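Trainee: I would like a close look at one part of this chain, the nonpolar core. Which residues have the most contacts inside it, and which elements supply it?

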Amino acid sequence: MTFEIRFTGAAAEDLERLYNFVLTRDTLDASLAERALHAVYEGIATLRASPFTCRKAQPNLPFLRELIIPFGRSGYVALFEIDDSDTVTILAVRHQLEDDYH
C-alpha cells in the first residue's frame, strides 16, 4: 500500500519559513538551506509506505501523528494526519527547537 502525500497551505508556508530562516542564519553556506529542505522532503517521503510507524501526536487521536526528521544536531518535526487508506496530509512542519507548530 502506498499513500499519497498532500501539504496544507500552512505546511507549505512552514517549509518556506524554515528555508528562509536557514538562509538568513548562515549566509556563507546557502547550500545548507537546500540540504535541510531536502532532508525534510526525504523524511516525509517515508510516509508513503509507513505512516503508522510514527508517534501519535495526541493519545486520543490515532490518525494525528508526528514524524521526526533528523538534520544536523537537531532536526524537524512534521505533524500529519492519516486521512484514509490512501492519503496522508502534512499539516505543519517545525524545527525541533521551536516551541510549537505555527
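Mentor: What follows starts with the whole chain and then moves to the core.

This is a predicted model. The chain has two helices and five strands. Read from the N terminus, their order is β-α-α-β-β-β-β. For 102 residues, a compact globule would have a radius of gyration near 13 Å; the chain has 14 Å, so the two agree. The C-alpha trace spans about 45 × 25 × 25 Å along its principal axes.

Now the interior. Of the 102 residues, 37% are buried. The largest nonpolar core has 21 residues. Ile44, Leu47, Leu67, Tyr76, Phe80, Ile90 and Val93 have the most contacts inside it. Both helices feed this core: α1 (9-25) and α2 (31-45) each give at least two residues. So do the strands β3 (61-71), β4 (74-82) and β5 (87-95). In soluble globular proteins, nonpolar side chains tend to be buried together.

Take Phe80 as the close-up. Set aside its neighbours within four places in sequence. Phe80 then contacts Leu47, Pro51 and Cys54, among others. Its contacts also include the run Phe63, Leu64, Arg65, Glu66 and Leu67. A further run is Val88, Thr89, Ile90 and Leu91. Arg65 and Glu66 show that charged residues touch Phe80 too.

Sequence separation fits into the picture here. Among contacts with a separation of 6 or more, 48% join residues 24 or more positions apart.

Last, the outside. The accessible surface is about 6300 Å², and carbon and sulfur atoms account for 54% of that. The chain carries 10 positive and 16 negative charges, with mean positions 7 Å apart.

Terms used. Residues are numbered from 1 along each chain as its sequence is written. This is a predicted model: local features need pLDDT of at least 70, side-chain atom pairs count only at pLDDT 80 or more; totals for chains, interfaces and linings use all residues. Side-chain values use heavy atoms; hydrogens and water are left out. Helices (H or I, at least four residues) and strands (E, at least two) are DSSP runs, numbered from the N terminus. The radius of gyration is taken over C-alpha atoms; the globule rule is 2.2 Å times the number of residues to the power 0.38. Buried means under 20% relative accessible area, exposed over 50%, partly exposed in between (1.4 Å probe, protein chains only). Contact means heavy atoms within 4.5 Å. Accessible areas come from the Shrake-Rupley method with a 1.4 Å probe; for residues, only the protein chains shown count as cover. The place of a charge is taken as NZ of Lys, CZ of Arg, CG of Asp or CD of Glu. A nonpolar core is a set of buried Ala, Val, Leu, Ile, Met, Phe, Trp, Tyr and Cys residues joined through side-chain atoms within 4.5 Å.
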